[in-house]
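Me: I'd like a close look at one pair of strands and what's around them. Take me through it slowly, please, starting with how the two are joined.

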Amino acid sequence: MFMNMPLILIASIAAGALGLIFLILGIVFFILNAKANAKFRAEAANNSVPEIPRREEVVAPAVTPAAPAQSAAQVTPDVDRTMSLYSTLAAQGGGDSTVMLFNPQQKAKTTFVKLVSCSNDPALQGEYKAAIYSSIVIGRKEGDIVISTDNSISSRHCEITKRESQFFIRDLGSSNGTCLNGNAVTTEVPVKLGDTLRLGRGDYIVVIEEE
């Protein structure tokens with residue numbers, strides 16, 4: 001029995017040494033495994049796709065359509081009159097003839113007064129013309145119609161006034177007076193197309209026209 005003691009001791013020491021080796025190997029394996037896991041988690045964290053924050057859906061407010069602006073070219077009484085005229089002519093049967101419609105864009109005509117000399121004296125011959133809106137003045141030096149060739153006409157001789165579609169003439173206190181169709185003008189009297197007006201030494205036919 002005593003002869004086996006050294007063998008038992010040696011075996012015990014060898015078993016203890018072997019157990020210590022296994023313990024050391026276990027500790028090393030645990031450390032290496034922990035490091036590997038930590039590295040794996042770090043790489044996984046770096047390679048992971050970051051979560052995109054969810055955007056809240058924005059709902060655009062309902063837009064109420066604006067009321068259509070009124071056209072600048074509104075229906076005018078003139079247009080109504082045009083359409084009424086067209087309807088009347090169409091009802092009567094226009095055939096192939098062209099229907100002339102009133103154009104509301106047509107430019108308003110201007111009224112003119114023209115004095116056409118009918119004197120035999122060459123110095124007094126000529127035509128004089130002026131647009132009339134309310135009144136015009138005829139004279140030798142001043143006015144809308146200036147007849148400078150006749151020194152018997154006063155500087156401001158007479159005035160023609162327009163009231164609606166009628167015309168009137170009056171003398172402005174001239175030295176030699178104003179005559180209409182052979183009659184002296186002492187008050188305001190009507191004047192019309194074709195009348196003869198005597199101013200100073202000259203006679204003039206009155207012409208009233210629109211352009």
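Reply: S5 and S6 run antiparallel, with six bridges joining them. (Strands are DSSP runs of E, at least two residues, and helices are runs of H or I, at least four residues, each numbered from the N terminus; two strands pair if DSSP finds at least two bridges between them.) To pick out one spot on that ladder, cysteine 158 has aspartate 171 in S6 as its bridge partner.

Keep in mind that this is a predicted model: local features need pLDDT of at least 70, side-chain atom pairs count only at pLDDT 80 or more, and totals for chains, interfaces and linings use all residues. Residues are numbered from 1 along each chain as its sequence is written, and side-chain values use heavy atoms, with hydrogens and water left out.

Now zoom out a little. S5 and S6 belong to an open sheet of five strands, in the order S4-S3-S5-S6-S9, with mixed pairing. S4 (145-146) and S9 (189-191) are the edge strands; each has a single partner, so one side of each has no neighbour in the sheet.

What do these strands put into the interior? The largest nonpolar core has 22 residues, and the ones with the most contacts inside it are Leu115, Ile138, Ile145, Ile147, Ile160 and Leu199. S5 (158-163) and S6 (166-171) each supply at least two residues of this core, as do S1 (111-117), S2 (127-131), S3 (135-139), S10 and S11. S11 gives the most, with three residues. (A nonpolar core is a set of buried Ala, Val, Leu, Ile, Met, Phe, Trp, Tyr and Cys residues joined through side-chain atoms within 4.5 Å; buried means under 20% relative accessible area, exposed over 50%, partly exposed in between, with a 1.4 Å probe and protein chains only.)

Isoleucine 138 is a handy place to stand and look around. Setting aside neighbours within four places in sequence, isoleucine 138 is in contact (heavy atoms within 4.5 Å) with Leu115, Ile145, Ile147, Arg156, His157, Cys158, Ile160 and Leu199. So Cys158, the residue bridged to aspartate 171, shows up on that list too.

Follow Leu199 next, and you land in another sheet. Six strands make up an open sheet in the order S2-S1-S11-S10-S7-S8, with antiparallel pairing. The edges here are S2 and S8 (183-184), each with a single partner strand, so one side of each lacks a neighbour in the sheet.

In a regular strand, side chains alternate between the two faces of the sheet. On S10 (residues 196-199), Leu197 and Leu199 sit on the covered face, with Thr196 and Arg198 on the uncovered one. Leucine 199 also has partners in two strands: threonine 178 stands opposite, and glycine 202 is the bridge partner in S11.

Around S10, the pairing goes like this. S7 (residues 178-180) and S10 run antiparallel and are joined by three bridges, while four bridges link S10 to S11 (residues 202-210), also antiparallel. S10 and S11 make a hairpin with two residues between them, and glycine 200 in that turn has a positive phi of about 60 degrees. Out at the other end, S7 and S8 pair antiparallel over two bridges, with leucine 180 partnered by asparagine 183 in S8.

For context, the whole protein has two helices and 11 strands, and 22% of its 211 residues count as buried.
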